[in-house]
Amino acid sequence: MSVRWAVAGFGWVARDYMMPGIEAAGGRVVAVADPSPSAQAKAASVGIATFDDVATMLGQTEVEALYVATPNNLHLPAVHAAAAAGVPVLCEKPMEPPSTSAITLRIVRSPNMSWQVRSGA
């Protein structure tokens, strides 16, 4: 079964690393939320639906997972939108400082979502 992924932020990490990884695992990226016209054009050029923001994207597409590839200080709003929509999230790298963001995320997560925090340390 192919997992339908949405991506928040479509910069070089998402395009050059995560999208090929999703595809190699049998999934496919079907939607991208990024306010950048350049990022939207790159996604559209390979047949991916584009949106200006995560909440709109999740409300208008059928996806099974969200990969957060926004700048670190924008992780929290993307994860909040996914939790509100009941969409599982993969958000790697540090969340925005201070570390209270992790506590906030734990509180707002959907009851049917699993929760895991890993540290590279």
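User: What stands opposite W5 in β2?

Analyst: In this predicted model, the residue opposite W5 is V29 of β2.

User: What makes β1 and β2 count as a pair of strands?

Analyst: Two strands pair if there are at least two bridges between them. Strand β2 covers residues 28–33, and five bridges join β1 to β2. Five satisfies the cut-off of at least two, so the two strands are a pair. They run parallel.

User: Why is the crossover from β1 to β2 called right-handed?

Analyst: The chain leaves β1, passes through helix α1 (residues 12–24) and arrives at β2. The name applies if, with the strands pointing away from the viewer, the path over the helix runs clockwise. This β-α-β crossover is right-handed, so by that definition its path is clockwise in such a view.

User: How do you know that β1 also pairs with β4?

Analyst: The test is again at least two bridges. Strand β4 spans residues 65–68, and four bridges link β4 with β1 in the parallel sense. Four meets the cut-off, therefore β1 and β4 pair. Within this pairing, A6 lies opposite L66 of β4.

User: Why is β1 described as largely enclosed?

Analyst: A residue is buried when its relative accessible area is under 20%. Four of the five residues of β1 (residues 4–8) are buried, so the strand is largely enclosed by the rest of the structure. For the protein chain as a whole, buried residues make up 37% of its 121 residues.

User: What makes the length of α1 close to the expected value?

Analyst: Helix α1 has 13 residues, and its C-alpha atoms span 17 Å from first to last. The expected span is 1.5 Å times one less than the number of residues, which gives 18 Å here. The helix has a kink of about 35° at M18, shortly before the proline P20.

User: Which residues of α1 are buried, and what covers them?

Analyst: The buried residues of α1 are A14, M18, M19 and I22. Their cover includes β1, β2, β4 and β5 (89–91). One general point about helices helps in reading such a list. An α-helix has 3.6 residues a turn, so residues three or four places apart point the same way. Just after α1, G26 has a positive phi of about 95°.

User: What pattern does the protein chain follow along the sequence?

Analyst: The order is β-α-β-α-β-α-β-α-β-α. This agrees with the count of five helices and five strands.

Technical notes: Residues numbered from 1 in each chain as written. Predicted model: local features only at pLDDT ≥ 70, side-chain atom pairs only at ≥ 80, totals over all residues. Heavy atoms only, no water. Buried < 20%, exposed > 50% of the residue type's maximum accessible area, 1.4 Å probe, protein only. Bend = angle between axes of the 7 residues up to and from the residue. Contact = heavy atoms within 4.5 Å.
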